[in-house]
Amino acid sequence: MDQSVAIQETLQGEESCRIAVQCDVLCDDATESRLLGLVQSAEEYAIFLYRHRRMAITAEDVVLENIIPISTDFAVVEVSSPEELAVVGADTRIRISFLEYEVELRLPFGSQSRLFLCEVNKVWSDVCKSSAQVPKFEWLNKYQQATKEPGSIRQAFAPIGSKITRLSQRRKSGKTLDQKGTVEKDKASSSNGDLQKSQTSSSLDSQGISSREDRDDLVRSSSHTPSNKAQILAMPQFGLRDNLIRCELLKNEDLYTYLEDFSFFLGTYNVNGQTPKESLSPWLSSTVDPPDIYCVGFQELDLSKEAFFFSDTPKELEWTKAVTEGLHPEAKYALVKLVRLVGIMLLFYIKKEHAEFISDIEAETVGTGIMGRMGNKGAVAIRFHFHNSDICVVNCHLAAHTEEYERRNQDFKDICSRLQFRQLDPTQPSLTIMKHDVILWIGDLNYRISDLDVDNVKDLITKKDFETLHNYDQLKRQIDEEAVFVGFEEGEINFQPTYKYDTGSDLWDTSEKCRVPAWCDRILWKGKNIKQKHYKSHMALKTSDHKPVSSLLVIGIKRVNEEAYKKTFEEIVRNIDKMENECIPSVTLSKREFHFKNAKFMQHQAETLSLFNDGQVPCQFEFIPKPNETTYCKPWLTANPPKGFIAQGGSVEIDLEVFVNRTTAPELNSGKQQIEDILVLHLQRGKDYFISVTGNYLPSCYGTSIRSLCQIREPIQDMPQDVLYNMLTVPEMESCGEKILDIPKELWMMVDHLFRNAIKQEDIFQQPGLRSEFADIRDCLDTGMPDSLPGSNHSVAEALLLFLDALPEPVVPYSFYQQCLECCTNANQCVKVISMLPQCHQNVFNYIAAFLRELLKNSAQNRLDVHILSTIFASLILRSPTKQDLTEKRKTQEFFKHFLVHGSSQ
């Protein structure tokens with residue numbers, strides 16, 4: 001998750017947070033978690049240090065503690081011990097000093113830490129080069145009062161201009177980072193991995209679980225892994241030659257690899273917010289022989305409302321301890337990685353003797369929710385390189401309720417597209433889940449049993465006729481229709497459904513809802529050389545209303561023959577030397593003209609450009625900006641991937657994607673912009689190719705101003721194009737002398753639909769709708785067909801939010817924004833400001849506020865309150881013309897609350 005967003009909300013003026021990273025501050029024997037942000041103001045930079053008790057989602061979750069200006073008095077030193085350097089993926093210890101004062105930090109190994117340190121070193125280098133210009137840091141003065149003393153450790157750096165105290169009196173010899181961001185040569189080629197020492201590890205020590213320092217012989221650098229050349233603190237340089245070698249090695253890996261079987265234990269358990277009450281050994285130690293690797297996933301770890309915000313829930317530690325104690329007793333395991341998103345947690349353990357062969361570990365999370373907001377549904381994933389195989393493990397919790405199988409399908413697709421891992425090589429596109437040799441997918445997928453009543457389901461379970469029952473399983477049906485999990489496999493289900501039981505028993509749900517039993521908890525895989533040894537549930541565990549599930553897979557992993565690898569590598573280098581001297585790269589394009597017909601608001605369209613390398617040498621391509629332009633394409637267009645590498649005789653497919661959002665829609669609606677662009681495809685050491693992109697955009701109410709929509713009585717797509725463009729360009733003109741509408745008819749249709757159908761809808765404006773239904777709703781609003789809005793109440797509610805979000809000028813125009821902030825504490829003054837708005841804006845404001853007050857009258861059923869509605873709607877109705885800080889955000893909510901509680905005087 002990008003925590004720089006939370007830092008950005010704390011900043012004022014034109015300051016911006018370029019990158020953020022979580023770390024531990026080291027003081028004597030204590031460690032405390034902190035958030036670091038690299039903050040820029042004009043040409044000056046500083047590191048902001050924040051305390052945080054919560055997952056850093058908004059500014060409310062962080063407290064500014066200290067500021068470290070980056071000047072010529074600033075320095076970064078690595079103080080990792082030789083023992084730590086020998087560990088694959090060890091956390092990185094650094095010392096940041098300013099004048100004679102210093103602080104020691106521990107950064108988790110991974111791409112985010114590498115990127116943060118590279119950015120800091122780049123900035124520091126620039127400061128040193130321009131030492132004639134002494135930074136004044138006057139912009140930091142306004143943050144002085146924001147910094148506060150932390151509770152248990154002394155302050156390392158105080159606000160500018162005040163006296164600062166030393167955090168640690170101990171000085172250690174360290175290796176300084178040079179201005180290029182590299183580590184001194186006495187740090188040999190440490191391995192690139194991410195055997196992370198999480199905050200959990202240190203906490204576990206006190207409870208009898210050894211930390212990684214205690215496993216001093218656990219993880220060592222492996223001599224044959226190609227990634228060993230990567231360094232922790234320096235982003236390596238990747239040029240054409242490196243990509244050529246890497247590509248040829250991949251193409252010829254059969255010459256230097258062989259398969260060896262390793263056993264993977266996969267487990268998933270929805271614990272329903274409970275704490276561990278029993279040993280997990282019947283689940284985790286259910287195999288005769290100890291597995292080589294454990295991947296254990298949990299869902300609903302913590303169901304409290306606080307769990308959404310607080311990252312230090314005690315249940316993470318409790319369940320991690322229970323898992324560690326429940327692992328197979330005949331082997332020693334290391335906790336390699338832990339990743340959690342609210343209640344979804346994934347633990348990755350490996351046998352001690354295999355740990356040195358793990359590298360390139362990354363973890364990512366993605367939430368699924370309304371308008372892209374985080375929720376307790378989504379996925380966490382870990383990817384890693386084991387010997388010479390790339391493996392990705394996903395743990396997910398998809399949407400609930402029997403009828404929501406399409407929402408679950410959409411969640412799966414969103415997870416696959418949005419969950420991406422950064423690569424060590426910054427020139428390469430991010431890795432998606434599907435770009436791995438082996439994909440292991442576990443979790444509470446929440447697919448139910450349909451078209452059978454509860455008695456028939458229980459009867460088939462009693463008869464153990466699971467084959468017949470499985471035919472009614474939603475996941476099986478969706479896979480058969482190729483709607484989800486295409487190419488995945490699942491073992492035969494010979495166990496009874498794992499949901500829903502009375503907690504503490506093996507009895508089916510006896511509550512009033514009497515849920516139909518279902519196989520919610522599933523394990524699937526994708527890849528070659530995989531055999532399943534068992535797939536079962538574990539009825540002995542009774543802590544939750546779900547039963548845990550496990551699968552034991554034996555996977556053929558590619559191992560490297562060192563001698564054959566060396567021989568292959570040397571041969572590739574010789575051939576590349578010869579090719580580079582003799583050949584110029586060349587490609588053939590499948591087509592050079594692309595036309596996107598009838599592009600629509602928030603509707604993805606893609607065309608495929610195929611590049612075939614017809615030259616005598618591999619080549620590297622990249623889309624480059626045209627002269628006097630800063631980006632390679634218009635904002636509504638994307639090339640995916642925008643750069644890459646093609647082996648000799650190989651080909652690559654590039655998706656040219658058109659997607660119109662709230663930023664690009666207004667000018668396309670008005671005709672100021674067209675779907676037209678020229679892409680320049682550049683070959684390194686070769687020539688440029690020009691690609692034409694054209695199309696037409698169908699105007700939409702989304703991205704059209706309130707004033708213009710009030711002038712348009714017919715559906716917007718029924719308007720002649722020239723008349724529409726003229727009206728949108730000169731919005732003050734009257735529409736053929738007719739009286740304009742009081743509010744846009746499209747807004748009325750959505751609010752009226754919700755008033756009649758969703759006034760008591762549970763979780764309205766909190767549960768997301770379906771993307772396919774939004775498309776139908778948009779088309780209905782833009783074309784007038786059909787007469788009534790299609791889709792679920794949740795989809796209409798999200799369509800309304802998207803409508804407000806896409807307005808070029810918000811409901812409260814930008815020119816009134818400051819007045820609203822100034823009078824936010826005075827209800828009468830707030831009403832007065834609204835009365836001064838242009839009439840159509842005033843009408844829309846009062847109409848929406850009246851509708852929301854009706855919703856609040858039914859809060860017992862829809863579970864809404866004033867705080868929830870003001871948080872959601874204030875940010876849409878009262879938008880800032882510039883960057884909005886936390887104080888302004890709170891003032892806009894306070895302003896809008898007056899109209900939810902008291903209404904207007906009109």
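Visitor: How much area does the protein chain expose, and what share of it do carbon and sulfur atoms supply?
Guide: In this predicted model, the exposed area of the protein chain is about 38,700 Å². Carbon and sulfur atoms supply 48% of that area.

Visitor: What makes a residue count as buried here, and what percentage of the protein chain is buried?
Guide: The cut-off is a relative accessible area under 20%. Of the 906 residues in the protein chain, 57% are buried.

Visitor: Why is H387 called buried or exposed?
Guide: The relative accessibility of H387 is 4%. Buried means under 20%, so H387 counts as buried. H387 lies in the loop between β14 (378-386) and β15 (389-397). Its phi is near 55°, a positive value in a residue other than glycine.

Visitor: Why is R685 classed as buried, partly exposed or exposed?
Guide: R685 has a relative accessible area of 41%. Buried requires under 20% and exposed requires over 50%; 41% falls in between, so R685 is partly exposed. R685 also has a positive phi, near 65°, and is a residue other than glycine. Its place is the loop between β29 (676-683) and β30 (688-697).

Visitor: How do you know that β22 and β24 pair?
Guide: Pairing needs at least two bridges between two strands. β22 and β24 (residues 605-613) have 3 bridges, so they count as paired, in the antiparallel sense. Within this pairing, T588 stands opposite F612 in β24.

Visitor: What is the strand order in the open sheet that holds β22?
Guide: The open sheet has 4 strands in the order β22-β24-β28-β26, with antiparallel pairing.

Visitor: Why are β22 and β26 described as standing at the edges?
Guide: β22 (587-589) and β26 (637-640) each have a single partner strand, so one side of each is left without a neighbour in the sheet. From one strand to the next, the twist averages 25°.

Visitor: Which peptide bond that ends at a proline is cis, and what is its omega?
Guide: The bond from N640 to P641 is cis, with omega near 5°. P641 sits in the loop between β26 and β27 (643-646).

Visitor: What is the omega of the peptide bond from Y499 to K500?
Guide: Omega is near 5° there, and the bond is cis. K500 belongs to the loop between α11 (474-480) and β19 (521-526).

Visitor: How many helices and strands does the protein chain have?
Guide: The protein chain has 24 helices and 30 strands. Of its contacts between residues at least 6 apart in sequence, 72% join residues at least 24 apart.

Methods
Residues are numbered from 1 along each chain as its sequence is written. This is a predicted model: local features need pLDDT of at least 70, side-chain atom pairs count only at pLDDT 80 or more; totals for chains, interfaces and linings use all residues. Side-chain values use heavy atoms; hydrogens and water are left out. Helices (H or I, at least four residues) and strands (E, at least two) are DSSP runs, numbered from the N terminus. Buried means under 20% relative accessible area, exposed over 50%, partly exposed in between (1.4 Å probe, protein chains only). Contact means heavy atoms within 4.5 Å. Accessible areas come from the Shrake-Rupley method with a 1.4 Å probe; for residues, only the protein chains shown count as cover. Axes are lines fitted to C-alpha atoms, for helices over the stretch in contact, and angles run from 0 to 180 degrees between N-to-C directions.
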